[in-house]
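Please look over the sequence and the structure shown below before reading on. The briefing that follows is arranged by topic.

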Amino acid sequence: MMVIIINSRYMHSRISVFRLCFLFFCFIIFASSAFARLQSEVEAFRLRPVPDSIFTLMQGRSYPQGCMVKRSDLRYVEVLHYDAQGRVKRGELVCHRSIAADLVSIFRELYKARYPIESMRLIDRYGADDERSMTANNTSAFNYRHIAGTSRLSNHSWGRAIDVNPLYNPLVARGGTVVQPRAGRRWANRSQKSPYRIVQGDLLYRLFRQHGFSWGGSWKKRKDYQHFEK
Ligand SMILES: [Zn+2]
């Protein structure tokens with residue numbers, strides 16, 4: 001089609017065959033590099049069983065001794081995401097196999113829309129310390145741990161929950177006296193704007209809801225604005 005357009009536009013002109021060949025050559029180079037980029041982007045979104053090197057990293061951290069979740073029930077998910085400065089970053093998550101395909105699909109859509117996510121590294125890279133990971137505004141999923149202040153296992157323990165941009169979407173409990181992470185107190189006030197703020201009805205919210213997740217920001221007693229679970 002490009003050739004037809006070029007031909008019709010320049011048929012009666014005195015542009016040399018050499019110039020046409022050069023233009024065609026440029027078009028081929030452009031098209032093939034665009035295709036290669038698309039191909040590498042498609043391959044960057046994937047899920048697979050937890051590799052040995054990652055499972056070693058998880059030992060004694062997000063996967064402590066006595067962990068009741070089988071390694072074979074977990075998946076290692078890799079995606080691309082944009083941050084608020086428009087930089088493309090590689091993201092990684094460990095989650096339950098039942099939601100791995102959902103997460104790949106959701107984060108592919110978010111990437112297409114350039115939805116900003118600041119960081120998505122395994123919580124093990126923060127010593128499986130939730131407060132540290134949240135303070136770094138790090139998005140994460142699997143972490144075998146109790147709900148803070150209780151003896152109940154969190155849904156993160158089964159890898160069926162994910163916290164997104166947690167610093168700007170903190171957990172707010174006990175009438176606002178408890179905010180996690182502590183550094184996120186400013187954003188407990190939900191009218192405080194930030195590029196990472198999750199709002200009911202925004203793209204992130206809609207995608208998670210479409211995939212059957214519930215949002216902690218809709219909970220009655222405590223509000224966990226970073227949290228989606230299935
Ligand atoms: Zn959570």
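## Overview

The protein holds 6 helices and 9 strands, and the model described here is a predicted one. Of its 230 residues, 32% are buried. Among the contacts between residues at least 6 apart in sequence, 59% join residues that are at least 24 apart.

**Strands 1, 2 and 3**

- Strand 1, which spans residues 46-49, pairs with strand 2 in the antiparallel sense over 4 bridges, and within this pairing arginine 48 has tyrosine 76 of strand 2 as its bridge partner.
- Strand 2 also pairs with strand 3 in the antiparallel sense, here over 9 bridges, and histidine 81 is matched with lysine 89 of strand 3 as its bridge partner.
- The hairpin made by strand 2 and strand 3 has 5 residues between the strands, and glycine 86 in this hairpin takes a positive phi near 80°.

**Leucine 74 in strand 2**

- Leucine 74 belongs to strand 2, which covers residues 74-82, and it counts as buried because 25 other C-beta atoms lie within 10 Å, where 20 or more are required.
- When neighbours within four places in sequence are left aside, the residues in contact with leucine 74 are Val50, Val69, Val94, His96, Arg97, Phe142 and Gly159.
- For one of these partners, phenylalanine 142, the position along the chain is 68 residues from leucine 74, while the C-alpha atoms of the two are separated by 8.6 Å.

**Nonpolar cores**

- The largest nonpolar core has 36 residues, and Val94, Cys95 and Leu103 are those with the most contacts inside it.
- Two or more residues of this core come from each of strand 2, strand 3 (88-96), helix 4 (97-112), strand 4 (161-163) and helix 6 (203-210), and helix 4 gives the most, with 6 residues.
- Cysteine 95, once its neighbours within four places in sequence are set aside, is in contact with Arg75, Val77, Ala100, Leu103, Ala141, Phe142, Gly159 and Ile162.
- A second core, separate from the one just described, consists of 5 residues, among them Met134, Leu167, Trp187 and Tyr196.

**Helix 6 and its surroundings**

- Leu204, Leu207 and Phe208 are buried in helix 6, and, seen down the helix axis, the buried residues of helix 6 fall within an arc of 95°, so they line one face of the helix.
- As general background, an α-helix has 3.6 residues a turn, so residues three or four places apart point the same way.
- The buried residues of helix 6 pack against helix 4, strand 7 (214-215) and strand 9 (227-229).
- Glycine 212 follows helix 6 and has a positive phi, near 85°.

**Two open sheets of three strands**

- One open sheet is formed by 3 strands in the order 4-9-7 with antiparallel pairing, and its edge strands are strand 4 and strand 7, each of which pairs on one side only.
- In this sheet, 2 bridges join strand 7 to strand 9, the two running antiparallel, and tryptophan 215 has phenylalanine 228 of strand 9 as its bridge partner.
- Another open sheet has 3 strands in the order 6-5-8, again with antiparallel pairing, and its edges are strand 6 (178-180) and strand 8 (223-224), each pairing on one side only.
- Strand 5, residues 171-173, pairs with strand 8 in the antiparallel sense over 2 bridges, and leucine 171 finds its bridge partner in aspartate 224 of strand 8.

**Backbone features in loops**

- The peptide bond from glutamine 180 to proline 181 is cis, with omega near 0°, and proline 181 is placed in the loop between strand 6 and helix 6.
- Arginine 114, although not a glycine, has a positive phi of about 55°, and its place is in the loop between helix 4 and helix 5 (130-135).
- Arginine 114 is classed as exposed because 12 other C-beta atoms lie within 10 Å, and the cut-off for that class is 12 or fewer.
- Alanine 128 likewise is a residue other than glycine with a positive phi, near 55°, and it lies in the loop between helix 4 and helix 5.
- Alanine 128, by contrast with an exposed residue, is buried, with 22 other C-beta atoms within 10 Å.

Key. Residues numbered from 1 in each chain as written. Predicted model: local features only at pLDDT ≥ 70, side-chain atom pairs only at ≥ 80, totals over all residues. Pairing = 2+ DSSP bridges. Contact = placed C-beta atoms within 7 Å. Core = buried A, V, L, I, M, F, W, Y, C linked by C-beta atoms within 7 Å. Arc of directions from axis to C-beta.
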